[in-house]
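Here is a friendly walk through one protein model, written for someone who would rather be at the bench. Have the structure open as you read.

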Amino acid sequence: MQCTWGKLRPGAIALAGGIGLVLAGLPAYGQSREATNASSFSRSAAQTVSCPTVADKLPAIPASAQAEVDQNLALLDKQISEANQRLVTSVGQGGPNFIQNAILGPLKDKRTATINRIATAIGRTAQRPAGLDALAPCTLSGAADPGASASAAPGASASASASAAPGGAAGGGQALLGPSAADFVDINQVPPNAAQLRAGATGSKGSFVSRCGTNQNKHQNPDNFIVAPGVTNGAHHTHDYVGNLSTDGFSTDQSLLAAGTTCQGGDKSTYYWPVLRSRTKADAAQADQSATDLNIGTIQQPATATLQFRGNAVSKVTAMPQFLRIITGDAKAGTNGVANAKAAWSCTGFTNRVTTDKYPLCPAGSKVMRILDFASCWDGKNIDSANHRSHIVFPDATTGACPAGTKAVPQLHMTLTYNGLQRSQAQIAQGLLFAVDSFPEQLHNPVTDHADFENVMPANLMNRAVGCINRGQRC
């Protein structure tokens, strides 16, 4: 797989009645490098399996095949995770062809079978996709030595693959894979780049906040029922949940409707995002599934989690349908590219400075901030779509208007802040890190930040939110 990064185009990262952030002139994210021949890879705990993505290569998926396709896509991720764990536990074994014969070869066979099942599922009611077998072979990415640079496998970003995280291997050979020092930036070095996009006379200037806490009850799991339904550990990274108390990989509209909630006002919606962890180079891998998926360190509970629904710059908003599902960002943007990336990082007190491809180094007294904006132009018919994006899209970045054929619904603007993560460049270089949980091959790249939401508000609460937004009130 080849991944070529271009410049990040200016785009809206927040849209509000009165408040909207528009990125201006952000730098290019980086350039990927071609892989060396697989036979030339040396053994190292700092390496990880890199495979071509499959989901973005599929045609439109018939509704009758969606569940089977989702399950097999989740299985592909599980196979990569298992191969990465085999890399860690087999360090020192075999000869020069061990990785190919014992890890990459069997992985290719498993992927071939799984990809064939995906093609068969689609082919039962639509044209069977051709050429997917070419996506089965995988390679390795990561430096052969934690302090040396190396050519990355196709799809690995340059900043993430150039070096392993400070500290090298820990916990019996468990690699601290990513982020690198290049993935951090002093917020003072980020120029002001977040201008306000204000609502016009016909826009909706109000807002509504759903108060759901900060996950004090530690509701966490590595599932994702929207993208990988019916699969345990379908995300391969741990999610924080607020709102609905029952959310896991097996959730359905009806199970969510029957469950309790941490939100006020009876909002049973589920809101979730990958956890943020802190770690040092001395950390050993904890004995859990997260460590198997190369997510190491201490989970940080947000100091605040603000779930604000906002208006549209040029029109009133209409109510979201119950069970509307929305995802924002791309958990695999490190290898997919930034087309669907929506990561936005900042520091409290510096909200006019936003970085999409770096973790922010915040000064004393300032909290690390994650800003996650969701699409808000609904097609008026579907509560989900095959790619979980087509049914609801973002407004125009310049005007704030929804595309023809869509209608504006309240836009979820999620802001998370964290205490105790103030770092200097020197501390980062010494291995005192923080990073978002990620799929193993994403190397904790900050561009992969993302979040998910399903609307399970009762109709009267959603109507109240719409009324507040359209009347210009702050509720």
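Phe184 and Phe434 are both buried in this predicted model. Their rings form an edge-to-face aromatic pair, with 5.3 Å from centre to centre and 85° between the planes. Phe184 belongs to strand β6 (residues 184–186) and Phe434 to strand β23, so this pair ties together parts that lie 250 residues apart in sequence. The two rings also have company: ring pairs link Phe184, Trp345, Tyr359 and Phe434 into a cluster. Across the structure there are nine aromatic pairs.

**From β23 to its neighbours**

Strand β23 spans residues 433–436 and pairs with β12 in the antiparallel sense, over four bridges. If you want a spot to find this pairing on screen, look for Arg277, whose bridge partner in β23 is Ala435.

β12 also pairs with strand β13 (residues 298–300), again in the antiparallel sense, here over three bridges. On that side, Ser278 stands opposite Thr298 of β13.

Are the residues of β12 buried or exposed? Strand β12 covers residues 276–279, and both of its faces are covered. Leu276 and Ser278 on one side are buried, and so are Arg277 and Arg279 on the other. The two arginines are worth a look when you turn the model, as their names might not lead you to expect burial, yet buried is how Arg277 and Arg279 are classed.

**Lysines over rings**

Aromatic rings in this model also meet charged side chains. Two lysines are placed over phenylalanine rings, as follows.

| Lysine | Ring | Distance to ring centre |
|---|---|---|
| Lys332 | Phe439 | 4.5 Å |
| Lys342 | Phe394 | 4.1 Å |

In the case of Lys342, the charged end sits over the ring of Phe394. Lys332 lies over the face of Phe439.

**The chain as a whole**

Now step back to the full view. How many helices and strands does the protein chain have? There are eight helices and 24 strands. Of the 475 residues in the protein chain, 56% are buried. The chain exposes about 17,600 Å², and carbon and sulfur atoms supply 53% of that area.

Contacts that reach across the sequence come up here too. Taking contacts between residues at least 6 apart in sequence, 76% join residues at least 24 apart. The pair of Phe184 and Phe434, with its 250 residues of separation, is a handy one to keep in mind when you look at such links.

Conventions: Residues are numbered from 1 along each chain as its sequence is written. This is a predicted model: local features need pLDDT of at least 70, side-chain atom pairs count only at pLDDT 80 or more; totals for chains, interfaces and linings use all residues. Side-chain values use heavy atoms; hydrogens and water are left out. Buried means under 20% relative accessible area, exposed over 50%, partly exposed in between (1.4 Å probe, protein chains only). Two strands pair if DSSP finds at least two bridges between them. Rings of Phe, Tyr and Trp (its six-membered ring) pair if their centres lie within 6.5 Å; planes under 30 degrees apart count as stacked, over 60 as edge-to-face and the rest as tilted. A charge sits over a ring if NZ of Lys or CZ of Arg is within 6 Å of the ring centre and within 35 degrees of the ring normal. Contact means heavy atoms within 4.5 Å. Accessible areas come from the Shrake-Rupley method with a 1.4 Å probe; for residues, only the protein chains shown count as cover.
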